[in-house]
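User: I am new to this structure and would be grateful for a close look at a single part of it. Please take the place where the two chains meet, and describe it in connected prose.

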Amino acid sequence: MTVRNSPVAEVARRIWRSASIPLGSVLLALLIGAILLLISGASPLEAYRALFRGSFGDARAIGRTLEKATPLVFSGLAVAFAFKAGLFNIGAQGQLIFGAVTAAAIGFMIEGLPPLVHAPLALLGGALAGALFGAIPGMLKTYTGAHEVITTIMLNYVAINFTDYLANGPLKDPTPGNIVARTPAIEASARIPALGSIPIGFIIALAVAAATWWLLWHTTIGYEIRTVGLNPAAARYAGMRVSLTIILTMALSGLMAGMGGAVETLGIVGRFQPGFNVGLGFDGITIALLGKTHPLGVIPAALLVGAMRAGSSQMQFDANVATEIIDVILAIILFFVAAETIMRWILRTRAVSEEKVTLSTGWGQQ
Amino acid sequence: MEGTAVRVSERFDTRRFLRRNGVALGIVLLVLVASAIAYSITPQRTGAVLAATLRASTPLILGALCGLYGERAGVINIGIEGQMLLGAFVAFITHAAVNNLLVGVLAGILAGAILGLFLAFMSVTLKMDQIIGGTVINILAFGLTGYFYQQGMSIQGKLQAIPLGPLADLPLIGPVLFNNPPITYITLLLVALSHYVLFFTRWGLRTRAVGEHPRAADTVGINVYFMRYANVIIGGCFAGLAGAFITLEQVGSFERMMTNGRGFLALAMMIFGKWNPLGAWGASLLIGFTYAFQTQLQFLGTINIPPQFFGMLPYLLTIIVLAGFVGRARPPAADGIPYEKE
């Protein structure tokens with residue numbers, strides 16, 4: 001009895017309570033995935049071994065996992081942050097590619113800057129482009145009442161078309177013989193390097209996640225954002241500037257997404273090429289939901305998805321399993337994480353008291 | 001729609017009708033006049049644009065109706081994209097297996113309905129957050145179709161246009177309205193039927209009651225859970241049909257991710273149309289028209305504008321119309337809130 005009541009045991013129990021559901025969900029999803037693999041005639045053991053080797057097998061694999069996770073932390077943060085104000089930002093994809101193309105433009109157009117100036121400048125430029133593009137749906141919502149779900153979806157298509165035009169037209173790589181729609185490679189001084197196998201971009205992502213957490217729970221603006229998300233009428237009654245908060249939230253959300261695109265361009269791709277970062281913004285929705293829309297929860301969620309994406313090509317190579325099985329497993333993980341009642345029944349744990357995630361109430365508010 | 005939840009139908013009031021639908025009527029009138037003028041100048045192109053409009057709008061309005069049934073009953077469905085994609089895939093492989101278009105279409109509808117059942121299970125029984133439920137469906141459908149699709153799979157033939165006798169020979173209207181493949185006809189009927197069902201039948205009244213005030217509906221003996229399940233599954237059928245339209249009527253083959261965001265666009269059309277079948281139809285036609293129009297403009301090739309700017313046109317126009325004319329939209333009051341029996 002004395003052991004059970006010691007503070008160490010209490011902490012351990014707490015950790016178990018909040019980590020058991022995600023862990024259990026992952027295991028259960030892998031199990032269901034294994035059944036699916038068996039049905040389609042593949043070997044689950046072989047596939048999962050390759051998946052693990054490709055994502056955590058050696059230092060290079062871990063580096064690849066972190067590389068894949070980096071833009072996902074940003075896009076996950078963008079979506080999660082907007083959810084806190086009751087806004088559903090489906091437009092992270094568009095904001096991300098605007099950030100990517102702007103960072104690429106700053107990266108190859110300016111020459112002769114020292115790396116310590118050039119890379120941060122390109123990163124900030126990309127972030128700012130994302131913020132401006134993200135602010136548009138916020139303004140449309142406050143001034144005209146246009147629903148952000150529609151406007152962000154529409155602006156995704158606008159962004160895809162516009163950046164496609166840039167990469168085909170004014171920003172096209174002029175190298176003789178190039179017929180691909182892409183910008184020239186960025187200068188070496190604009191590259192965000194890696195520390196061994198840890199990309200610096202990932203460290204920046206962690207810092208932005210921490211800053212977002214601090215902003216939401218330790219500043220007045222954060223308090224206003226969360227209040228607007230929980231109850232805009234109450235926020236207005238309390239004298240908060242709801243319209244301003246909405247525009248600001250969307251701009252900051254776009255800033256995070258834009259930064260994700262910029263880090264991807266400056267740290268990995270090295271130029272802007274249409275189609276290279278398709279899906280990163282949409283993965284942001286999954287990651288935000290897996291992380292329970294908490295800025296710090298986004299980090300393990302992005303690592304999980306990043307690891308699976310990094311290992312999937314190894315899996316395809318070694319075990320001849322199509323990479324899309326990853327998405328099936330992700331969907332099942334998300335299902336079990338969200339369907340807490342089922343998991344609690346399986347694991348026999350009690351609920352942890354936490355701030356309730358309320359996403360769908362944001363549908364018709366404001 | 002304020003207050004209509006308690007009435008099955010209401011006495012027709014011209015003034016109120018005009019006040020509510022004035023903008024929509026204005027647009028319809030404008031379009032009619034514009035197409036008459038265009039027809040007098042270039043009859044062939046006008047016909048081509050209008051016919052293409054109808055075809056492009058079909059998957060959008062079907063998807064929008066899918067969302068609409070669910071949301072009118074209080075269940076948000078952002079999984080339309082996934083339901084469409086799985087419907088498209090299942091319709092495709094079924095047709096490939098049995099070489100029967102009708103069976104293929106029915107299988108596509110069934111696939112959509114099954115995902116509808118899954119969404120209803122998550123949001124009504126498990127009381128899961130409905131945004132998450134929809135996202136689960138989207139990722140699941142993307143993963144399953146990608147995993148099971150094999151490159152090089154092909155089908156024979158697709159649904160062909162059926163001219164409706166002498167009606168098809170009418171100038172302009174004939175080729176546009178009366179010479180279409182079957183799912184396009186069915187869609188037109190389904191729009192009208194959905195409007196009738198939602199606003200003039202007991203089923204529709206109950207559906208709306210459950211979406212606006214489930215507690216009150218429960219008190220008068222309406223089975224809230226059943227109504228939500230049923231409507232979400234009906235919605236799934238619509239999305240599955242939209243998927244079958246894409247593979248078996250429009251394209252005649254399948255590719256990974258081939259719905260290409262049309263499910264999300266459909267969601268936008270539903271909100272744009274303020275949760276009304278006719279409104280959503282108008283919105284879908286508008287988007288369909290800009291698609292058709294920009295394709296024609298690119299064909300002409302006389303204007304020296306990069307094609308990407310034409311590509312943006314439908315989406316920019318939606319934003320402008322939405323921001324300028326439609327404004328704030330109000331969803332059903334209990335939309336997205338799981339119902340707890342006392």
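Analyst: The account below begins with the contact between the chains and then turns to the nonpolar core. The model is a predicted one.

Across the contact, 39 residues of chain A meet 41 residues of chain B. On the chain B side, three helices each supply at least two residues: α5 (130–148), α11 (262–272) and α13 (307–326). Of these, α5(B) gives the largest share of that side, with 12 residues. By character, the chain B residues that touch chain A comprise 28 nonpolar, 9 polar and 4 charged residues.

One residue of chain A shows this contact in detail. L334(A) touches I132(B), T135(B), V136(B) and I139(B) in chain B. Those four partners fall within the span of α5, residues 130–148 of chain B. Within its own chain, and leaving aside residues up to four places away in sequence, L334(A) touches T286(A), L289(A) and L290(A).

The same residue, L334(A), also belongs to the largest nonpolar core, a set of 214 residues. Together with A268(B) and M269(B), L334(A) touches the most other members of that core. The numbers of A268(B) and M269(B) place them in α11 (262–272) of chain B, one of the helices that supply the contact with chain A. The largest share of the core, however, comes from another helix of chain B, α10 (residues 224–251), with 15 residues. As a general matter, nonpolar side chains tend to be buried together in soluble globular proteins.

Conventions:
Residues numbered from 1 in each chain as written. Chains lettered and ligands numbered in written order. Predicted model: local features only at pLDDT ≥ 70, side-chain atom pairs only at ≥ 80, totals over all residues. Contact = placed C-beta atoms within 7 Å. Nonpolar A, V, L, I, M, F, W, Y, C, P; charged D, E, K, R; others polar. Core = buried A, V, L, I, M, F, W, Y, C linked by C-beta atoms within 7 Å. Buried ≥ 20, exposed ≤ 12 C-beta atoms within 10 Å, placed from the backbone.
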